[in-house]
Protein chains: 2
Amino acid sequence: MPRAGLDRATLIAAASELADEVGFAGLTMGLLAERVGVRTPSLYKHVDSLDALQRGVGLQAVRDIGAVLTRAAVGRSGPEAVHAIAETFRKWALDHPGRYAASVRAPRAEDDEYQAVARETVQILFDVVAGFGLTDERAIDAVRALRTVIHGFLGLESDGAFQMERDPSDSYRFVIDTLINGMRAEAATGGSDTSPLRAGQGS
Amino acid sequence: MPRAGLDRATLIAAASELADEVGFAGLTMGLLAERVGVRTPSLYKHVDSLDALQRGVGLQAVRDIGAVLTRAAVGRSGPEAVHAIAETFRKWALDHPGRYAASVRAPRAEDDEYQAVARETVQILFDVVAGFGLTDERAIDAVRALRTVIHGFLGLESDGAFQMERDPSDSYRFVIDTLINGMRAEAATGGSDTSPLRAGQGS
DNA sequence: CTACGTTGGCTAATCGGAATAGCTTTTTGG
DNA sequence: CCAAAAAGCTATTCCGATTAGCCAACGTAG
C-alpha cells in the first residue's frame, strides 16, 4: 500500500479546489478523501477535523485575497486604487466561490492567527483610505464602508439575489463610485469630530 | 398520550424563536422537538424536512421584514425614508439574529413563493428610491446599492468582523449617508448616461 | 353514543457523514 | 538492521435526519 504523500497544505489546497467546485457547504471529508485518493479516516492524520479543515481553507483564502489585493493596489492610489481593489476582489470571488465563502465564515474571536491575517488584509484598505486624507474614526468608517460594499455585493450576487435584467457589473460600479464620492466629499469637508482611537483587530 | 396541538405555523414560529437563541445553524429537529414537547419524528407530520423547515423560517422572516420596513417607511420619503428603513432593518436583525440569517439563505431560483415574497420586500426599496427621482437602470442600481449596504453591514457586524473601538452605529450612519448622497447626486445629474458618476480624479 | 376513517404521536430502525480505535506497513534515523 | 514515528486501512461508534409501521385520539355520520 504505497503512501499518498499527503500533508496539511496539500489537503487544504485540494479542499479549496473542491470547495470551488461543489460549494463550501458541499465540502465533505469523504469527497476530499476520494479526491486525493485515500480513505476518509486517513485524512485525520493530517487535519484534526472538518472544522479545522474549513478553517484552514478560510485562512488560506484570506491570505490569497490579501496577496491579490496588494498586487492590485500597488502603484495606484485614491479612486483608482479603490476601483482596482473592488474589481479584483469581485473577480477573485467569482472565480473562487468556495474559497470566497470560506473566507467569510465567522472567524471565531479567539482565533489569533485568523485575526492577524485578517488584520493584514484590512490594513491594505486603511492604506488606500489614507490616500483620501481620511484619518482616525473617519478612516475606520470608510474602511468599514468599503468592506460592507464589497462583501455585501458579492454576497448578494453569489446568492443569486439579483434577478433583474441589469448587468451586476454596472451596479457594482455604481455602488463603488458612490462610495468613492462619499469619501472624497468627507475628506473635503474635513472630519469635524475627533475621538481617540484605540488598538484593535479587524476594523 | 394527549395531543400537542401542533401545526406547521406553530412549528415555524417555535423554530424562529429557537433559531434566534441558538443560531440558524444550530436549529435542529431534535432541539425543536424538545422545545415543543414532542419526539423528533412527530415533527414530520407537519413539515417535510429540516430543509423545508428552514425555508419556512426564512420565508416568514422575509415577510416579517417586509412588514416592519413598510411600517417604518410609511409617511416618510427621500433620505428620511432611507434612514428609517436602514435603522429599522438593523435593529430587527440584531434583535432576531437567527431569523435574519434564515432570511439571507440562498432562496433557490426555482422557489416561486420565495421569489414573490422577496420581490414584495424589494418593492418597498423601489418606492423609496423613486422618491429620489431615480428610474429604470439607475433605480435598479440604487436598490441593489441599498440592499448591498444593509446586508453587507449587517453580515459583517453579526460575524463580529468589526473589532475596532468605534461604535458600529456611527459607521452604519456613515455608509447610509454616503449612499444617500450618491443617490441625491445621481438624481441631480439627471441620469444622462450610464456612467455619470465616474469618480474621476478631477472634480 | 358509537363505529370508523383520519390525524398526530410514538418506538424502532435506517442512513449518511464525522470521528475514533486499533492494526499494519512504510519511512527514517541511528 | 532495528525501533519508533508516521500514514494507511478496516471496523466501529456517534449523531442527526429521515422512514416504517404501530396505536391512540378526534370528529363525524348514522
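This is a tutorial dialogue on reading a predicted model of two protein chains with two DNA strands.

Trainee: Where should I begin with chain A, and how many helices and strands does its secondary structure hold?

Mentor: Begin with the inventory of elements, which for chain A comes to 8 helices and 0 strands, so that the order from the N terminus on is α-α-α-α-α-α-α-α. Then take the extent of the chain: along the principal axes, its C-alpha atoms fill a box of roughly 70 × 45 × 30 Å. Of the 203 residues of chain A, 41% count as buried, and among its contacts between residues at least 6 apart in sequence, 69% join residues at least 24 apart.

Trainee: What span should helix 3 of chain A have, and what distance separates its end C-alpha atoms?

Mentor: The general idea is to set the expected rise of 1.5 Å a residue against the distance between the ends. The 24 residues of helix 3 of chain A should span 34 Å, and because the end C-alpha atoms are 34 Å apart, the two values agree. Just after this helix, A:G75 takes a positive phi of about 85°.

Trainee: Which residue that is not a glycine has a positive phi in chain A, and which one in chain B?

Mentor: In chain A you can look at A:D136, with a phi of about 50°, and in chain B at B:D136, also with a phi of about 50°. A:D136 is found in helix 7 of chain A, residues 136–158, and B:D136 lies in helix 7 of chain B.

Trainee: Why does A:D136 count as partly exposed, and why does B:D136 count as exposed?

Mentor: The idea is to count the C-beta atoms around each residue, where 12 or fewer within 10 Å make it exposed and 20 or more make it buried. A:D136 has 14 such neighbours and therefore counts as partly exposed, whereas B:D136 has 9 and therefore counts as exposed.

Trainee: How do I read the relation between the two copies?

Mentor: Two copies of a chain are related by a rotation about an axis and a shift along it. In this model, a rotation of 180° with 0.0 Å of shift along its axis superposes chain B on chain A, with an RMSD of 0.1 Å. The two copies are thus related as by a two-fold rotation axis. The C-alpha of chain B nearest that axis belongs to B:G152, 1.7 Å from it.

Trainee: How many residues of chain B are in contact with chain A, and with how many of its residues?

Mentor: There are 37 residues of chain B in contact with 39 residues of chain A. On the chain B side, the elements that give two or more residues are helix 7 (136–158) and helix 8 (168–188), and helix 7 gives the most, with 13 residues. By class, this side has 16 nonpolar, 12 polar and 9 charged residues. Because 86% of the interface residues of chain B are also interface residues in chain A, the copies meet through the same surface.

Trainee: Which residues have the most contacts inside the largest nonpolar core?

Mentor: That core has 112 residues, and those with the most contacts inside it are A:A15, A:I85, A:V149, B:A15, B:I85 and B:V149. Leaving aside residues up to four places away in sequence, B:V149 touches A:T148, A:V149 and A:G152 as well as B:V175, B:I176 and B:L179.

Trainee: What does A:F126 touch, beyond residues up to four places away in sequence?

Mentor: A:F126, in helix 6 (residues 112–130) of chain A, touches A:A139 and A:V143. The C-alpha atoms of A:F126 and A:V143 are 6.3 Å apart, although the two residues are 17 apart in sequence. A:F126 counts as partly exposed because it has 18 C-beta neighbours inside 10 Å.

Trainee: Finally, which residues come nearest to DNA strand D, and which are closest to DNA strand C?

Mentor: Around DNA strand D there are 22 residues, of which A:A4, A:R39, B:M29, B:P41 and B:L50 come nearest. Around DNA strand C there are 21, the closest being A:M29, A:P41, B:A4, B:R39 and B:P41. Helix 2 (29–36) and helix 3 (50–73) of chain B each supply at least two residues of the surface near strand D, while helix 2 and helix 3 of chain A each do so near strand C. The surface near strand D divides into 11 nonpolar, 6 polar and 5 charged residues, and the surface near strand C has 10 nonpolar, 6 polar and 5 charged residues.

Technical notes: Residues are numbered from 1 along each chain as its sequence is written. Chains are lettered from A and ligands numbered from 1 in the order in which they are written. This is a predicted model: local features need pLDDT of at least 70, side-chain atom pairs count only at pLDDT 80 or more; totals for chains, interfaces and linings use all residues. A residue is near a molecule or strand if its C-beta atom, placed from the backbone, lies within 6 Å of it. Helices (H or I, at least four residues) and strands (E, at least two) are DSSP runs, numbered from the N terminus. Ala, Val, Leu, Ile, Met, Phe, Trp, Tyr, Cys and Pro count as nonpolar, Asp, Glu, Lys and Arg as charged, and the others, Gly among them, as polar. Two residues are in contact if their C-beta atoms, placed from the backbone, lie within 7 Å. The expected span of a helix is 1.5 Å times one less than its number of residues. Copies are superposed by least squares on the C-alpha atoms of residues with pLDDT of at least 70 in both. A nonpolar core is a set of buried Ala, Val, Leu, Ile, Met, Phe, Trp, Tyr and Cys residues joined through C-beta atoms within 7 Å.
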